[in-house]
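User: I am new to this structure and would like a close look at a single part, the interface of chain A and chain B. Please describe what is found there in one connected account.

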Amino acid sequence: MHRTGELYGQFETLEQQKESAALGMWVFLSTEVLFFGGLFMTYTLNRHYYGVAFGVGSNTLDLKLGGANTVVLILSSLTMAMSVWASHVGKRKATTSFLIATLVLGTAFLGVKVIEYKQKFDHHLIPGYHFQIDYRAQHPAPNDDPKEIEAEKEELSKAFAKDPDLNAHAQLYFSLYFGMTGLHALHMIVGAGMLVWLIRQSLLGRFTPTYNTPVEMIGLYWHFVDIVWIYLFPLLYLIDRHR
Amino acid sequence: MSEHIVPPKVYVGIFLSLMVLTAATVAAAYVNLGAFNIVIALAIASLKATLVVLYFMHARYSPKRTHMVIIAAVFWLAIMLALTLSDYVTRDRDVAANTPMSQMLGS
Amino acid sequence: MHTPTSTRAATGAVYKMPQEHYLNSTYGIRSWLLTTDHKRIALLYLLSVTFFFFVGGMFATIIRIHLMTPQGFLVTPETYNKLFTMHGVAMIFFFLIPSIPAVLGNFALPLMIGAKDLAFPKINLLSWYLYILGGCFVLYSFSTGGLDTGWTFYTPLSSVYSNSAVTPAVLGIFINGFSSILTGLNFVVTVHTMRAPGMTWFRLPLFVWAQYATSIIFILGTPVIAITLLLVGLERMFHLGFFNPALGGDPILFQHLFWFYSHPAVYIMILPAMGVISEIIPTFARKPIFGYSFIAGSSIAIAVIGFFVWAHHMFLTGESVYAALAFSFLSYLVAIPSAVKVFNWTSTLYQGSISWDTPMLYGLGFIGLFLIGGLTGLFLACLGLDIHIHDTYFVVAHFHYIMVGGAVMGYLGGIHFWWPKISGRLYPEYLARVSAIILFTGFNLTFFPQFILGYLGMPRRYHSYPPEFQVLNVMSTAGASILALGYLLPMMYLVWSLKYGTVAGPNPWPATGLEWKTDSPPPTENFLVTPEVTWEPYDFETRPDLELDHIVAGKLPAPAHGDD
């Protein structure tokens, strides 16, 4: 087995190894663009047909949590970029600290997603047998704001008038919501796992100004996952806020 | 990857720009611009993505072949979206979209 | 058989097997299952794809026997649906798509560019394991209820109503997709960063250009079918509604997403074969290839334009007429680069010094059969015609001409061409030529009648047919039995040659690629000294190392033969 930092046998120079790693990661990310792309295509078509239902579905999402998550994830991209910089200039402790910060922020993002998913579960918004778009309006919880419930009831009655099959179409929205954010979260979990490995390597002093390829490469992956969220946020959370 | 080292203040600057753009996209969502809402939302998201790609991902300082990979990925995604939509937007869609499902099944 | 000699008739030189090479450098099952040597991984793939070729072939055999009578005497209609589905899935995803890239590409590409291995050898091994894992899921699906949706998995049959084992099958194909993606990734990076000094882009062999173009398709197309089949699986498991009209979904969306990959997939299947032909023709016509840069460029053009034409599979399923017009026009465009290649190969043959060796027979067969298959594709791309011949045996004949007459012949031609390099031995030439002719004959007898059947109106994927079609169907089945012989013979004599074949030496043909400058079989690290390239590709005239000074009366040396 090779320890990180050594020249692998198939390469002639460390430069060639680094070039290959970088190109390999960029090519891999381009496959991810097309992978998520199929979901974006499905989203585009369904939103085009079922705009009303998509608006209703989007408004059930908690914008405060979604917005906070967006800030957290972009901040984690900053800390990731900073850890790459730190490894480039030989600041070992800073590299590790920034990596840990990235991991913490990423975990916070995932934690918020768990809270959001739980909310959907409570409001019968998980696609399946129990899906009911107006469950919360019909059965508000004791601590729900009555004005909010009233507004939601009004929104729903207008929506049902425009689209009698609102429930089925809203279910499509939520299938896409869970599908897209779920796939994104899965990528974040993989990213978090790689960060744990990076932190360990960094603590063992493996990264130097001449060799920090894993930090850069995993950084590229992390930024890509951030970019996916940058698109998911307006497409899922901001469809119909001006209603 | 080049050896060009980006100073931290550039990163912080990009981060702050991204924050401003995030606020902008939320604010724009509260204004009713009809069909233009989605255009603004996608434009701001694309601007944010471009900043991340150019600076956080160092694409600005990367060799040409990296640019080719990025452009290819975006171009191919665009083909998939555009050519598929070319089918849907050139159809007469009123029938299916306005038929309640109770009528579609069993007819 | 007599004990093998190590004489090479063409030059009278005596060759011995190298003492240490990639096959004997390490022993034991672990050294094979944990190898990162691209040559060993190529052989692992060779065994696996051959296995799936048998699986798919078994289904085809049952189908052809069943179709001997109009009423269908052998299997029930439901079983028939499963047979053609499983035949398609096994052949397309587990034989045709990996065959040339994962076997010949893996083996030859690093050698051809002067590298020690691919850029990511461990990922190469991972690709093989993903292929095996995907294959296991699909075999599980085949043996627990089968699959009756057609290899095209159209919804809502596949996502809602089918009672067959769809979920494990789509999972298997999903996993196999990542095997392809990683292979494509590996090839692209390798060609960019691992070329030997002096090996510029326009000195690359055309096989490498073809693999590069194929890899673009692997990388950009496969993820889309991965997500699409994943959605089908999720829809089946959790009753989501993306593709189910009863829940507001759209089956045509599935078809768009499916064909966005699956049409470029057919170029994945043919481009590598074209690359093989581009190696074989100049070697056995003893002439530099005509129009090198046009062939290289046309490979890239096919890969790119091939992504713009997918909805020609959907002319009759409800897409808009205007989109159909656009896709029909684009489909005619994509034929142009293929035609460029055929013209250039033919021009290479013109005034060449042609030897009728087995690889050349496969190469010539390829050109003729690909021509027919490709031209009939234009018939299908014509909207007015397609209304009548869509979903008939005309389509079946068209794609079998390309995939079997084209891709499989290219694959077999490549196996024969590189066999001396892979095994260090020559196969028996006379028997090999006879096999090639048997294969060509059997192929045409099997599939040409199907053009006529389709034109006359026999639908595809039907277990029974009107009695007036029986004669042609019986002819097709008879041809299939001859075709099967054409496949079995090479398997037998190639295995025989491993022990008893004449020792080949480094360059038996002789050919001009870098891979022929190292031993046969090569050492594990491919080249003892990193080669430096100073010559143009296919340069038969000025290469002193090709022993061309043995030219007598203007004739170049004949290729070495395994029977001599």
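Analyst: Across the interface of chain A and chain B in this predicted model, the rule finds one salt bridge. The partners are Glu19(A) and Arg65(B), whose side chains meet with a distance of 2.7 Å from N to O. The count of residue pairs in polar contact between the two chains, with both residues at pLDDT 80 or more, is five.

On the side of chain A that touches chain B, three helices each supply at least two residues: α1 (14–49), α3 (63–88) and α8 (213–237). Of these, α1(A) gives the largest share, with 18 residues. By residue type, this side of chain A divides into 32 nonpolar, nine polar and eight charged residues.

The extent of the interface can be stated in two ways. Counted by residues, 49 of chain A are in contact with 47 of chain B. The size of an interface is also often expressed as the accessible area that is lost when the parts come together. Chain A and chain B bury about 4400 Å² between them, and 79% of this area lies on carbon and sulfur atoms.

Taken together, the description of this interface combines one salt bridge, between Glu19(A) and Arg65(B), with five residue pairs in polar contact. On the chain A side, 32 of the residues that touch chain B are nonpolar, and α1(A) supplies the largest share of that side.

Technical notes: Residues numbered from 1 in each chain as written. Chains lettered and ligands numbered in written order. Predicted model: local features only at pLDDT ≥ 70, side-chain atom pairs only at ≥ 80, totals over all residues. Heavy atoms only, no water. Contact = heavy atoms within 4.5 Å. Buried area = accessible area lost by both parts, 1.4 Å probe. Salt bridge = Lys/Arg side-chain N within 4 Å of Asp/Glu carboxyl O. Polar contact = N/O pair within 3.5 Å; in protein donor to acceptor, adjacent residues only side chain to side chain. Helix = DSSP H or I, 4+ residues; strand = E, 2+ residues; numbered from the N terminus. Nonpolar A, V, L, I, M, F, W, Y, C, P; charged D, E, K, R; others polar.
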